[in-house]
Amino acid sequence: NLNTLSIDLCSDIISLEISELPNLSHVTAANNINLTNLQISELSNLHTLIIDNNEALVNLNNIYQLNNLTQITVISNSNLISLPDLNNFPNLTHLTLNDNGLNDLGNLSALSNLTFLRISNQNDLMYLPDFSGLPNLDSLRISSNANITIIPDLSSLENLSYCFISNANLNCIEGIPPQYSETDFNYPICA
């Protein structure tokens, strides 16, 4: 009845195949420099997935069936260039994407339960997705994404209580939440 599994500093692991542990609700894979494959698609009870500093990992496409996930944290996976369609995770409340090689986040419109979103240091990312389908978003942090020049319209985020935006090349924000004023941001509103 194992509920939590952490695989850390296992340089010999190439593939993590743990689908035969159906009671897992929390999985962390961290600092496994040769890990290229996660076989976890059968973990229907999985709620938390943390993928941290796995240099050889290039995609997470085989997690798309884990629709009970409430938290996905993906940090410092420099070769990770793609994610599965995030709309496959309708129960997701926390999403952290920090310092990966991602070039596209896809569509977030079906993540109506999302309350926390952090997108930082995604230097290959050219644009951000539409945030209008995130009515429960409470905390938003967008920082140090070198190629992002425009923040999409945030005016539908009426529940947003924390908003931190800091991008060196940012030109403007398309729209701000109604509870904020232009002076709350260091960037102009797009014309």
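**Exercise 1. Give the strand order of the open sheet and name its edge strands.**

Step 1: Fix the terms. Strands (E, at least two residues) are DSSP runs, numbered from the N terminus. Two strands pair if DSSP finds at least two bridges between them.

Step 2: Read the order. The open sheet has eight strands, E1-E3-E5-E6-E7-E8-E9-E11, with parallel pairing.

Step 3: Find the edges. Strand E1 (4–8) and strand E11 (162–166) each have a single partner strand, so one side of each lacks a neighbour in the sheet.

Step 4: Add the turn. Neighbouring strands are turned by 5° against each other on average, direction ignored. Axes here are lines fitted to C-alpha atoms, and angles run from 0 to 180 degrees between N-to-C directions.

A note on the source: this is a predicted model, where local features need pLDDT of at least 70, side-chain atom pairs count only at pLDDT 80 or more, and totals for chains, interfaces and linings use all residues. Residues are numbered from 1 along each chain as its sequence is written, and side-chain values use heavy atoms, with hydrogens and water left out.

**Exercise 2. Work out how E8 pairs with E7 and with E9.**

Step 1: Take E7. Strand E7 (residues 94–98) runs parallel to strand E8 (residues 116–120), joined by five bridges. Leu-97 stands opposite Ile-119 in E8.

Step 2: Take E9. E8 also pairs in the parallel sense with strand E9 (residues 139–143), over five bridges.

Step 3: Match residues. Phe-116 has Ser-139 in E9 as its bridge partner. For Leu-117, the partner in E9 is Leu-140.

**Exercise 3. Locate the disulfide, then assess Cys-163 and Cys-10.**

Step 1: Find the bond. The structure holds one disulfide (a pair of cysteine sulfur atoms within 2.5 Å). Cys-172 is joined to Cys-190, S to S 1.9 Å.

Step 2: Place the pair. Cys-172 lies in strand E12 (residues 172–173) and Cys-190 in the segment after E12, so the bond ties together parts 18 residues apart in sequence.

Step 3: Get the hand. The torsion about the S-S bond of Cys-172 and Cys-190 is about 90°, so this disulfide is right-handed.

Step 4: Check accessibility. Buried means under 20% relative accessible area, exposed over 50%, partly exposed in between (1.4 Å probe, protein chains only). Cys-172 and Cys-190 are both buried. Cys-163 is buried at 19%. Cys-10, at 26%, counts as partly exposed.

Step 5: Test Cys-163. Its closest cysteine sulfur, in Cys-190, is 14 Å away, too far for a bond.

Notes. Helix = DSSP H or I, 4+ residues; strand = E, 2+ residues; numbered from the N terminus.
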